[in-house]
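Look at the structure below and follow one helix first. After that, turn to the way the chain is divided into domains.

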Amino acid sequence: MTGFRRYVVRRLLLLAFVVWCILSIMFVLFQLLPGDPTAIFVDDNFSPEMIDRQKQLWGLNDPLWVQYLRYVGNMLTFDFGNSFFQIEPVAHIMADKVQNTCLMIVPALIVSVVLGTLIGAVAGWRRGSAFEQATVATSLFLHSVPSFFVGILALMIFAYQLRWLPSGGMVGLGGPEGLWEMIASRDYWVHLLLPGLVLVSREITGPILLLRSSMLEVKGSDFLDILRAKGLSEHRIITHATRNALLPLVTYVAVMTGLLFQGQVLLEIIFAWPGIGRELVQALNDLDYPVAQAALYVMALVTLLLNLVADLLYGVIDPRVTYD
Amino acid sequence: MADVKAPVRPALAGPLREAAVAVARHASGLRVILRHRTATVGLAIIVLFIAAAVLAPLLAPYGPFEVVYGPDRGVVRLSPPGAANWLGTTNQGMDVLSQLLWGARVALAVGLLSALGSVLLGTLIGLVSGYFGGWIDEVLMRLTDVAYGVPFLPFAMVVTSIAKPSLALVILLVIFFLWRTTARVIRSQVLSLKTRPFVWAARAAGAGHGKILFLHIAPNVLPLSFLYIAIGVQTGVMLEAALSFLGFGDPHVQSWGIMLNAAFQAGAMRSAWWWVLPPGLALSAFVMSIFMLTRAYEEILNPRLKAI
């Protein structure tokens with residue numbers, strides 16, 4: 001177990017290093033902005049003293065390294081300051097938007113993983129069947145077609161042509177507000193259906209293809225022969241085999257969630273879903289830099305943490321992995 | 001993963017012969033790919049796109065930003081497909097077909113440049129990192145970890161909105177995003193290659209690090225690099241389209257992503273399908289054709305992927 005502990009420590013140090021690097025890259029990037037933040041507020045009516053007082057207040061007159069240290073400290077404690085335009089601390093906005101993004105991707109992920117596992121397991125078990133061929137071909141197609149175009153198509157057909165579903169947003173005007181109220185409301189699910197299905201159509205291909213190939217591997221194992229010798233039904237044997245084939249899926253899901261968190265900006269824009277990606281796009285268009293900075297940081301952090309989870313789970317769930 | 005074969009008597013063969021052997025091996029690889037049905041279809045579509053890109057000045061009836069005027073000298077806005085404009089016009093009166101053809105040029109340029117750049121960079125880093133090991137490996141691999149930690153689309157949006165958006169910047173960003181995968185894969189290949197007898201033989205024959213690395217090890221990882229060039233073209237085109245669609249592309253070129261962005265902003269999804277579908281379908285067909293090719297390549301290397 002000591003080997004594992006050493007691995008965990010090393011992995012955490014690496015995480016800290018990468019976070020520090022990303023924070024530093026971001027600091028340099030936002031330093032490169034033309035003008036300083038006062039430029040956005042200040043108009044000709046401001047006297048030089050007023051500008052200076054404002055700069056003093058924001059610490060812009062301090063030496064760069066002091067600003068850097070303060071910046072890193074603030075970022076690490078999630079103190080993102082105030083938005084230039086929305087009268088709210090950025091940290092609150094971020095919490096809100098992360099929740100909204102999760103409201104789109106978590107249901108889609110659950111459906112993708114559960115359904116994908118089932119389909120992939122059966123496809124792998126029935127190697128060479130028409131079902132396997134159809135599954136693999138469909139998965140590869142869905143995997144390679146750009147999902148934002150699928151989103152646009154879905155919107156054109158189901159929202160604009162057929163008018164079956166709303167064209168965007170998370171709830172309708174005057175819809176439910178609180179988290180649980182929303183989840184309990186029909187309105188939210190109706191709005192989720194279209195972006196959710198588009199997301200599933202892409203994300204389901206990962207578990208399907210993965211489960212299929214890992215099933216092929218498990219299928220040749222000796223323990224299945226023993227089960228067969230015990231006289232278990234085909235159905236029970238598939239269950240046993242699937243449980244073993246699931247191992248690589250656990251880490252895959254963690255990584256996939258991280259990538260999805262940053263990659264679904266496109267769907268949030270297409271379906272006007274008020275998530276963190278859309279917030280970043282709007283903040284950049286409005287020059288609301290505290291919000292943009294925080295959104296970029298939060299998206300990077302979520303991905304990094306999920307990758308960490310994936311790496312650590314790998315050793316925990318599969319006892320065959322050693323770290324010595 | 002790859003079927004890397006140690007070349008026969010590498011220490012004795014001259015560099016020219018070495019190169020000839022490598023080329024012959026890849027040529028036979030192409031023949032194997034052409035036996036694959038999906039790969040052939042993919043290749044045919046790619047050739048079609050290349051032809052469209054090269055012949056765009058001859059084929060396109062209008063320039064990428066040229067406004068179409070009707071017989072009454074008025075701008076032809078949002079005209080549905082017809083004899084005059086085969087794929088209709090945009091809200092600014094530009095010919096969709098022409099934009100589509102010019103867009104193929106941009107897609108090809110972005111795809112090729114970003115793929116070549118990233119694979120060159122990634123292969124170099126992977127080779128050096130895997131071959132020398134030690135602190136060089138440590139530094140380069142931590143750099144790779146950092147590159148993996150940067151979320152591409154958000155990061156690229158921030159950079160392009162701080163700097164002036166240009167196609168060159170988009171290509172650089174894609175390279176920055178893509179090299180890391182190649183670097184890791186090539187490095188792991190080199191780790192196993194450098195312990196093979198032919199490397200010892202080369203060393204015993206007095207070859208220096210540079211010679212061993214570039215003449216003896218590099219040719220063996222080239223098939224993988226080629227695979228990543230193809231994957232890079234696909235990813236590069238996708239990323240440029242995504243970035244442009246979000247409104248962070250170069251407004252001075254007409255790419256499929258820029259077209260989709262303009263159509264989306266103008267609400268063409270409601271009213272002008274002929275403006276939305278062509279760029280979307282072109283992008284999908286292009287990306288998928290390359291995917292078909294790379295998938296076939298991977299299936300040849302690893303038959304287990306195939307559904308028989």
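The buried residues of H12(A) pack against three helices of chain A: H5 (90-125), H10 (205-219) and H11 (222-229). This is a predicted model, in which local features need pLDDT of at least 70 and side-chain atom pairs count only at pLDDT 80 or more, while totals for chains, interfaces and linings use all residues. Residues are numbered from 1 along each chain as its sequence is written, and chains are lettered from A and ligands numbered from 1 in the order in which they are written.

Helices are DSSP runs of H or I with at least four residues, numbered from the N terminus. Helix H12 covers residues 234-245 of chain A, 12 residues in total. From first C-alpha to last it reaches 16 Å, close to the 16 Å expected at 1.5 Å a residue (1.5 Å times one less than the number of residues).

Which residues of H12(A) are buried? They are Ile238(A), Ala241(A), Thr242(A) and Ala245(A). Seen down the axis of H12(A), these buried residues fall within an arc of 105°, so they line one face of the helix; the arc is taken over the directions from the helix axis to the C-beta atoms. An α-helix has 3.6 residues a turn, so residues three or four places apart point the same way. On the other side of H12(A), Arg236(A) and Arg243(A) are exposed. A residue is buried if 20 or more other C-beta atoms, placed from the backbone, lie within 10 Å of its own, and exposed if 12 or fewer do.

The domain assignment, automatic or from a database, splits chain A into domain 1 (3-76) and domain 2 (91-317).

Note on methods. Helix = DSSP H or I, 4+ residues; strand = E, 2+ residues; numbered from the N terminus. Contact = placed C-beta atoms within 7 Å.
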